[in-house]
Amino acid sequence: MRTALKRAALLATAVLLLAGCDQDDRFTELNTNPTEASTIPPDFLFTTAELATAGTRYEQWRSNLIYPEAMIQHLAETWYTGDKYTTNADWLSALWTVSYNGNGDGQRAPIKLLVDLIYNNVDPECRQTQEIFTECPPFPATNVNKIAAARMLRVFVFQRLTDMYGDLPYFEAGMGFLRNIIAPRFDTQEEIYRDMLKELEQAVAQLDPAFPTYGSADVIYGGDVEKWRRFGNSLMLRLAMRLVKRDPALAQQWAQKAISGGLMQGIDDNFMVRHERGGSEGPNGLNTNGVGEVLSDFGRPKCTRTFVNHLKTTADPRLTVFCGIGGRLTSLEAQKGMPGGNDANTISDPSWPWHDPGFTSFADYSVPTDWVSSKTAPTFLLTYAEVAFLTAEAAVRWGIGGDPATHYASGVRASMQQLAFYEGAPEISAAEIDAYLAANPFDPGRALEQINTQIWITTFLQGHEAWANWRRSGYPVLEPVNWPGNVTGGRIPRRLGFWGDLVLNPNARTALERQGLSGQFDLSTPVWWDAP
């Protein structure tokens, strides 16, 4: 004990003798762990954020397949709640939970990852007191492309999230540890949309091919600055078109800006994650297709009668890639879709309005094919096909962006061509595409219906986007069900359940009341842009 005290006294004396010398530098050296980075490497964070944005089975199963995919009538199953408009708190809130908090099973929260990335790689002199996205320059300055890409990816995450839930924490999100904000305010969807558009405009302007990129750490574009620029403008177009019901003038203004800035030019510009390894890596397999993991390991829902019959009627070759009996290649004629809004009893009950009079066996219904159900299938997030269709709609509405018929045809071609990204899937030939377009030509009198029905087809298994685009466009026209005990009065839901702890964060209750919601799981009240 005495020896220890003596050593402590000698150390204290030595420290005092350092006064007047370079003691700050020496303390810094003493307290710096040479084996740890002083800042978080941007490349590591960005790769993780991209994979987290693609999603894992946890949220893809609950907040995509069970709800949006069923509500938009791509998929149906006897136990799914989504096509019955009933509530399950965990399933409804899964996308919210993972986006902000991760899933507690190895999945990192993309919002926190991206905010951390930006915060730790901008000028430290201003990041504690100023707006880190617009007021703090990249630090070092050579990080400009890395910050720009992170800002765009953050917009993508929030666009998907606010489209599902409406008002939510945005400006203060991810700042709990960084700025001790434990009860972030809930921002209005109008504020969020206006800022996301501004973010995209500024981030695109930041891009500079003279500076470094994430390179191979960017699993989507490999650090290609030009592709990021086209993605930013294309995402801007998606957001602009989302506003057509709420503020047509603002929608046109931003659509024009996006088109003038330069959009995606082909399927090689698709904003998509290619999953290269089979099986799970970690509890939920961060480099595994989340939808594919569900469909491969936990059974496949049925392709709906609505979806199958539309593609059969129009002789659409995409159907044989999307759906098949037993998940295998099946001719158009043999495909059979299951009507939604059923359980194991009602499906064959003649007294039930949505029963199937031709029911024989559940095994006779088409299900997603092995190709689209693979764990290594790509995750499409924003595609050139969708962008071409949105450009066609802008041309129809406002006469901007070129010829709508040309963009419509380009969208159809791209939608069919991109199915080649599914490994092993049958190729849709140029002749088949030409035949489809000849049989289903662009009709100016039905332009909006045609365009948005094509988006519905293209976004198969991308329920978030398919459902959001249906809500803002009204196409395709879908017949709802009226399951006993549903919470919408037999209408297709307009939002997912509002989620937030009303006790721990009083701002959540304020947001609930501000939106006119009857409760946290009010599925009927439209979000802001979904104007009546």
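The protein chain in this predicted model carries 22 helices and six strands. Of its 532 residues, 57% count as buried, and the surface that the chain exposes comes to about 21,300 Å², with carbon and sulfur atoms supplying 53% of that area. If we take the contacts between residues with a separation of 6 or more, residues 24 or more positions apart account for 73% of them.

Let me turn to helix H20, which runs over residues 447–458. With 12 residues and 1.5 Å a residue, H20 should span 16 Å, and because its end C-alpha atoms are 16 Å apart, the model agrees with that expectation. How many of the 12 residues of H20 are buried? The count is 10, so that the helix is mostly covered, and the buried residues are Ala447, Gln450, Ile451, Asn452, Thr453, Gln454, Ile455, Trp456, Ile457 and Thr458. As for what covers these buried residues, the list includes helix H15 (305–313), helix H16 (319–322) and helix H17 (384–398), and it also includes helix H18 (404–417), helix H19 (430–439) and helix H21 (463–473).

One of these neighbours, H18, can be described in some detail, since two packed helices are described by the angle between their axes and the distance between the axes. The axes of H18 and H20 come within 11 Å and cross at roughly 15 degrees, which means that H18 is roughly parallel to H20. The contact is made by Tyr408, Val412 and Ser415 on the side of H18, and by Gln450, Ile451, Gln454 and Thr458 on the side of H20. An α-helix has 3.6 residues a turn, so residues three or four places apart point the same way; with that in mind, please look at Tyr408, Val412 and Ser415 in H18, and then at Gln450, Gln454 and Thr458, which are among the contacting residues of H20. The crossing in which H18 passes H20 is left-handed.

A second helix pair is H11, residues 189–206, with H12, residues 225–241, whose axes come within 9 Å and cross at roughly 160 degrees. That angle is over 145 degrees, and therefore H11 counts as roughly antiparallel to H12. Here too the crossing is left-handed, as H11 passes H12. On the H11 side the residues that meet the partner are Tyr193, Met196, Leu197, Leu200, Glu201 and Val204, and on the H12 side they are Arg229, Gly232, Asn233, Leu235, Met236, Leu239 and Ala240.

Helix H4, residues 57–66, is another enclosed element: nine of its 10 residues are buried, so it is largely enclosed by the rest of the structure. Its buried residues are Tyr58, Glu59, Gln60, Trp61, Arg62, Ser63, Asn64, Leu65 and Ile66.

Among the strands, I would point to S5, residues 366–368, where we find Pro368. Is Pro368 buried or exposed? Its relative accessibility is 0%, and therefore Pro368 counts as buried. Leaving aside residues up to four places away in sequence, Pro368 touches Leu75, Leu295, Arg300, Pro301, Cys303, Phe322, Cys323, Gly327, Ser373 and Phe460. Its C-alpha atom is also separated by 8.6 Å from that of Ile325, although the two residues are 43 residues apart along the chain.

Finally, the backbone deserves a careful look, given that most residues other than glycine have a negative phi, and most peptide bonds are trans. Tyr85, although not a glycine, has a positive phi of about 60 degrees; this residue is found in the loop between strand S1 (75–76) and helix H6 (89–92), and because its relative accessibility is 2%, Tyr85 counts as buried. Leu461, likewise a residue other than glycine, has a positive phi near 75 degrees, lies in the loop between H20 and H21, and counts as buried because its relative accessibility is 8%.

Where are the cis peptide bonds that I would like to show you? One runs from Phe139 to Pro140, with omega near 0 degrees, and Pro140 is found in the loop between helix H8 (110–120) and helix H9 (144–165). Another joins Tyr475 and Pro476, with omega about 0 degrees, and Pro476 is found in the loop between H21 and helix H22 (506–514).

Terms used:
Residues are numbered from 1 along each chain as its sequence is written. This is a predicted model: local features need pLDDT of at least 70, side-chain atom pairs count only at pLDDT 80 or more; totals for chains, interfaces and linings use all residues. Side-chain values use heavy atoms; hydrogens and water are left out. Helices (H or I, at least four residues) and strands (E, at least two) are DSSP runs, numbered from the N terminus. The expected span of a helix is 1.5 Å times one less than its number of residues. Buried means under 20% relative accessible area, exposed over 50%, partly exposed in between (1.4 Å probe, protein chains only). Contact means heavy atoms within 4.5 Å. Accessible areas come from the Shrake-Rupley method with a 1.4 Å probe; for residues, only the protein chains shown count as cover. Axes are lines fitted to C-alpha atoms, for helices over the stretch in contact, and angles run from 0 to 180 degrees between N-to-C directions. Angles under 35 degrees count as roughly parallel, over 145 as roughly antiparallel, 65 to 115 as roughly perpendicular and the rest as oblique. A crossing is left-handed if the near helix is turned anticlockwise from the far one by less than a right angle, and right-handed if clockwise.
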